[in-house]
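User: I have a chain to read and would like to go through it feature by feature. Can you take me from the general idea to the case at hand each time?

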Amino acid sequence: MRNATRKLLFAGLVLAAPSFLGMMAAAQPAPPPGDKLVRVTNSTRVQRITLGLNKAEVVELDRDVKDVDVASPDIVDAVVKSPRRVLLIAAKPGQTNVFFSDGEGRRILTLDIRVERDVTDLEALMRLNLPAAAIKISAISDNILLSGTVASATDASRAVNLATGFAGDPKKVVNMLSVADGQQVTLKVRIAEMNRNIAKQLGINVTSVQFAGTAPIVLNTANPYGLLGKALSDLSGAQFGQICANGSTAINPLSALQGGGNCPINTDLQGTVNLLEQVGLVHLLAEPNLTAVSGETARFLAGGEFPIPVARDRDGNITVDYKQFGVGLSFTPVVLSSGRISLQISTEVSELTSTGSYQIGAGANALTVPALAVRRAQTTIELPSGGTFAIAGLIQNNTKQVLAGVPGAKDMPVLGALFRSRDFQNDETELVVLASIYLAEPNAERAYTTPTEGFVAPSDPETVLMGRLNAVYKNKDAEPPEHQAAAGGFIVQ
């Protein structure tokens with residue numbers, strides 16, 4: 001009977017065990033909704049977990065815990081909910097560890113915890129706004145690392161803006177995105193300038209000698225030219241009248257008087273007329289081709305530098321700095337997408353001029369510093385690859401006119417021309433800049449050519465007898481090598 005009773009009790013315990021265990025499990029508080037759960041078994045004693053900032057995680061143990069020790073409580077806070085359930089709350093980015101021990105001091109579990117931002121929501125935003133981009137988002141402490149590939153620089157900028165809004169500080173976003181499209185941009189620029197100068201001079205100088213008894217009365221006009229200071233050519237002009245009977249053309253009658261018998265004075269009138277015109281034409285053309293990576297600046301200068309005194313040292317020596325002049329170009333391209341390129345371009349044409357120059361010192365030690373005549377243009381535009389734009393209308397027209405003469409007499413009609421000189425100057429300048437932009441890729445070396453390809457210096461007989469500066473190819477050598485016939489430069493798109 002006793003054995004039968006024992007068997008019945010054992011069977012009842014076995015049957016009641018599942019319901020008892022279920023009641024015990026129900027007695028344990030359920031983890032808060034949305035929290036993570038870490039279950040620990042006998043085989044799990046050390047774990048590494050990552051907690052999202054300001055979020056919590058539940059740790060379920062297989063034995064009762066007595067002591068919970070946190071290395072850095074300011075990073076992770078531990079709340080014991082029951083003997084076998086502990087809630088970990090991430091309060092600050094960083095790294096720490098937590099130790100769980102039972103009543104006998106034996107280690108139950110060790111957790112190595114890293115607290116960082118939870119970027120799950122940011123990843124969802126990236127997929128929603130940039131579906132074609134392959135962006136990987138990683139959290140490093142309180143910072144966000146963006147890596148992967150995007151289609152254009154515009155997509156990269158949008159990704160950084162999204163990450164900045166999520167992090168709250170642009171300094172906490174590390175951008176390591178790469179752009180899949182070509183990022184080399186070639187700019188072909190044509191700078192053309194026409195400069196036309198016209199100068200006209202009209203001057204009449206009159207000399208007359210009359211005698212009042214034995215006293216000579218001399219009348220003389222020598223009006224200077226106000227713009228240039230002198231005639232365009234002192235040897236040009238016409239002369240009428242004669243003062244010296246021997247045919248001398250001395251203009252100054254006083255020198256004629258001093259000549260004595262060699263130049264007897266006649267009571268006559270002598271004059272010279274200068275009627276001169278000068279026309280100049282300057283044609284400037286530069287065609288620089290520059291290639292730069294998106295976001296970088298490329299510069300070009302065809303000209304030179306001239307010294308400018310800036311200071312004196314303690315010994316009195318003049319120190320100089322150098323100023324550039326000539327045809328200059330600077331541009332910064334940014335590839336926005338495969339069909340758009342943002343271009344910031346600045347171009348300048350300058351030349352040395354005496355207008356506006358200044359002089360330091362006097363006498364033999366005087367130093368003249370020239371000035372610069374500058375035409376400058378700067379703009380930012382967007383173009384497709386292969387597009388061309390023009391900067392035109394840079395027209396400058398300077399007209400100067402100076403009249404110099406005898407007061408009162410120069411204002412008389414008709415006869416006033418005998419008492420005045422006229423200096424006229426007109427400068428007209430027009431500058432046009434044409435720029436074409438292309439996406440470019442590097443090419444093979446054999447596709448390039450240089451201006452020196454195929455040059456052969458002539459022999460002495462060819463130079464002396466034929467006057468040649470280079471050797472002449474024979475018929476069999478007339479065909480250039482294959483690589484010379486290829487188009488030089490980058491492959492443009």
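**Reading the chain, feature by feature**

Analyst: The crossing of α2 and α3 is right-handed. The contact is made by Asp-121, Leu-122, Leu-125, Met-126 and Asn-129 on the α2 side. From α3 come Ala-159, Leu-162, Ala-163 and Phe-166. By class, that contact holds 7 nonpolar, 1 polar and 1 charged residues. One caution: this is a predicted model.

User: Which numbers describe how two helices pack?

Analyst: Two packed helices are described by the angle between their axes and the distance between those axes. Here helix α2 covers residues 120–129 and helix α3 covers residues 153–167. Their axes come within 11 Å and cross at roughly 150°. Angles over 145 degrees count as roughly antiparallel. Therefore α2 and α3 are roughly antiparallel to each other.

User: What does α2 lie across?

Analyst: α2 lies across β9 and β10, and runs at about 165° to β9.

User: What is the strand order in the sheet that holds β9 and β10?

Analyst: The order is β9-β10-β11, in an open sheet of 3 strands with mixed pairing. β9 (134–140) and β11 (173–179) are the edge strands, each pairing on one side only. From one strand to the next, the twist averages 10°.

User: How many bridges join β9 to β10?

Analyst: There are 7 bridges, and the two strands run antiparallel. Strand β10 spans residues 143–150. For a register point, take Ala-134: it stands opposite Thr-149 in β10.

User: Which strands make up the open sheet of 4 strands?

Analyst: That sheet has the order β2-β8-β7-β4, again with mixed pairing. Its edge strands are β2 and β4 (67–70), and each pairs on one side only. Neighbouring strands are turned by 20° against each other on average, direction ignored. Look at the β4 edge. Here 4 bridges join β4 to strand β7 (residues 94–101), and the two run antiparallel. Val-68 has Phe-100 in β7 as its bridge partner.

User: Where do side chains point along a regular strand?

Analyst: In a regular strand they alternate between the two faces of the sheet. Strand β16 (residues 289–293) shows the pattern. Leu-290 and Ala-292 point to one face and are buried. Asn-289, Thr-291 and Val-293 point to the other face and are not buried.

User: Which strand is joined to β16 by 5 bridges?

Analyst: Strand β12 (residues 184–212) is, and the two run antiparallel. One bridge pair to check: Lys-188 has Asn-289 in β16 as its partner.

User: Is Ala-298 buried or exposed?

Analyst: The cut-off for buried is under 20% relative accessible area. Ala-298 has 10% relative accessibility, so it counts as buried. The residue sits in strand β17 (residues 298–312).

User: Which residues touch Ala-298, leaving aside neighbours within four places in sequence?

Analyst: Ala-298 is in contact with Leu-290, Ala-292, Leu-329, Ser-330 and Phe-331. Two of those names have come up before: Leu-290 and Ala-292 point to the buried face of β16. Now take Ser-330. It is 32 residues from Ala-298 in sequence, with 5.7 Å between them in space, C-alpha to C-alpha.

User: What share of contacts joins residues at least 24 apart?

Analyst: The share is 64%, among contacts between residues at least 6 apart in sequence. For the whole chain, secondary structure comes to 6 helices and 23 strands. Buried residues make up 29% of the 493 residues.

User: What should I check in the hairpin of β19 and β20?

Analyst: Start with the pairing. Strand β19 (residues 340–360) and strand β20 (residues 367–383) pair in the antiparallel sense over 16 bridges. Leu-343 has Ile-381 in β20 as its bridge partner. Then look at the turn. There are 6 residues between the strands, and Gly-361 takes a positive phi near 85°.

User: Which residue has a positive phi although it is not a glycine?

Analyst: Asn-54 does, with a phi of about 65°. Asn-54 is found in the loop between β2 (46–52) and β3 (56–60).

User: Is Asn-54 buried or exposed?

Analyst: The cut-off for exposed is over 50%. Asn-54 has 62% relative accessibility, so it counts as exposed.

Terms used
Residues numbered from 1 in each chain as written. Predicted model: local features only at pLDDT ≥ 70, side-chain atom pairs only at ≥ 80, totals over all residues. Heavy atoms only, no water. Axes fitted to C-alpha atoms, helices over the stretch in contact; angles between N-to-C directions. Parallel < 35°, antiparallel > 145°, perpendicular 65-115°, else oblique. Left-handed = near helix turned anticlockwise from the far one by under 90°. Contact = heavy atoms within 4.5 Å. Nonpolar A, V, L, I, M, F, W, Y, C, P; charged D, E, K, R; others polar. Buried < 20%, exposed > 50% of the residue type's maximum accessible area, 1.4 Å probe, protein only. Pairing = 2+ DSSP bridges.
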